[in-house]
Structures are given as C-alpha cells and as structure tokens.
Amino acid sequence: LYLLDLESNSDDSSHHQTIVVFSSRLRLPSLTIFPRIGGDGRLAGLGNLLLKKLAQRRGRTLDLPAHPRFAQRHFVSGPDEDALRHFLTTGRLDRLAVLEHMVVDGKGGVFTYQRVHFGKQKGRVHRDQIAEHVQQAEEVLRALGG
C-alpha cells in the first residue's frame, strides 16, 4: 500500500490523496469505478453526465439495474463487459455500495483508490483523515477479494 499526496499547483492549494494497493490475491479485470452525485436536480444530472463521460474513457459503462444500491452511488466501466459482469458479484457490489465518492481504477493485482470530495475539504489534510482514507482503501481491497 502506497499513499500519494498530490498537491495542486493552482491557487486553490487542494490536496488529492491517492492510495495504490498491490495484492497477489487480487484478480481484477480492467475496471474503473466513478462516483455518482446524489440528488435529482439538474445540477446533479449534469455532474453525473460528466462523471459518466469520464468513466467511459476507460471502456463501456455498465448498467446494473439488478443492483440499485450500487448503481445509485457509482458508475463502473471497463473494456470487457463480460469479465466485469462475471467479477462484480452481488456480494462485491453490496460491499462496494456502502462506500461513497470513490474512484477506483484497477487491473490484475493492483488498484488505485481516491476519494472525491466534490468541492469541499480543500486545504491541508489531517492525520485522522489519512487514517480514514487508508481504512476505506482497505475496505475496497476486501470488497474486491484481496
């Protein structure tokens, strides 16, 4: 597990923590999970359209109507739809559905995890936030089977 703290050079001085997780037990298909913005308003709809476009840059975005709890919070995409559907079992989707605002990008035995804050929590990151971030990446690891 590696924690990368990326600091923006723009005027907003925001930090983006990305965690890279390696595990020999993981057997991930190429996948990307993007967050979905909650709410039914036009602004949320536009934001979700943008996030879906970003997810589609990594492959086809899957519709998962049988898993509304997951689909309500996340988009998932990848180049091999059959591999994704086989890998994303009900148990995995249920465990991932409880996590919010995450970006996961993975393949094989490695994935990156980043939590998106949608415009809040800019500035310096505190030690307790780092611990929470690491704990969430560990939850993703367990959910993905590592």
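**Figure 1. Leu 4 in strand β1 and the nonpolar patch to which it contributes.** Leu 4 is found in strand β1, which covers residues 2-7, in this predicted model. Its relative accessibility is 37%, and Leu 4 therefore counts as partly exposed, the class that lies between the limits of 20% and 50%. Together with Tyr 2 and Phe 22, Leu 4 makes a nonpolar surface patch of about 330 Å².

**Figure 2. Surroundings of Ser 77 in strand β5.** Ser 77 lies in strand β5, formed by residues 74-78. The relative accessible area of Ser 77 is 0%, so the residue is classed as buried. When residues up to four places away in sequence are not counted, Ser 77 touches Ser 30, Leu 31, Thr 32, Ala 55, Gln 56, Arg 58, Gly 59, Arg 60, Thr 61 and Leu 84. One of these contacts, Arg 60, appears again in the next view as a salt-bridge partner of Glu 81.

**Figure 3. The salt-bridge network of Arg 60, Glu 81 and Arg 85.** Side chains of opposite charge can pair when their charged atoms come close. A search of the whole structure finds three salt bridges. In the one between Glu 81 and Arg 60, the closest N and O atoms are 2.3 Å apart. Because Glu 81 belongs to helix α3 (residues 81-87) and Arg 60 to strand β4 (residues 60-61), this pair ties together parts that are 21 residues apart in sequence. Glu 81 also meets the side chain of Arg 85 in a salt bridge, with an N to O distance of 3.0 Å. Arg 85 and Glu 81 both lie in helix α3, where four residues, about one turn of the helix, separate them. Salt bridges that share partners thus join Arg 60, Glu 81 and Arg 85 into one network. Two members of the network are partly exposed: Glu 81 has a relative accessibility of 25%, and Arg 85 has a relative accessible area of 38%.

**Figure 4. The salt bridge between two loops, Arg 73 to Glu 100.** The side chains of Arg 73 and Glu 100 meet at an N to O distance of 3.7 Å, within the 4 Å limit for a salt bridge. Arg 73 lies in the loop between α2 (68-71) and β5, whereas Glu 100 lies in the loop between α4 (90-97) and β6 (102-108); the pair therefore ties together parts that are 27 residues apart in sequence. Arg 73 is partly exposed at 29% relative accessibility, and Glu 100 is partly exposed with a relative accessible area of 36%.

**Figure 5. Helix α5 and its buried face.** Helix α5 comprises 18 residues, 127-144, and reaches 26 Å from its first C-alpha to its last. This span is close to the 26 Å expected at 1.5 Å a residue. The buried residues of α5 are His 133, Gln 136, Ala 137, Val 140, Leu 141, Ala 143 and Leu 144. Seen down the axis of α5, these buried residues fall within an arc of 165 degrees, so they line one face of the helix. On the other side of α5, Arg 127, Asp 128 and Arg 142 are exposed. Just after α5, Gly 145 takes a positive phi of about 100 degrees.

Notes. Residues numbered from 1 in each chain as written. Predicted model: local features only at pLDDT ≥ 70, side-chain atom pairs only at ≥ 80, totals over all residues. Heavy atoms only, no water. Expected span 1.5 Å × (residues − 1). Buried < 20%, exposed > 50% of the residue type's maximum accessible area, 1.4 Å probe, protein only. Arc of directions from axis to C-beta. Patch = residues over 30% accessible without salt bridge, like charges linked within 9 Å, V, L, I, M, F, W, Y side chains within 5 Å. Areas by Shrake-Rupley, 256 points an atom, 1.4 Å probe, with all protein chains shown as cover. Contact = heavy atoms within 4.5 Å.
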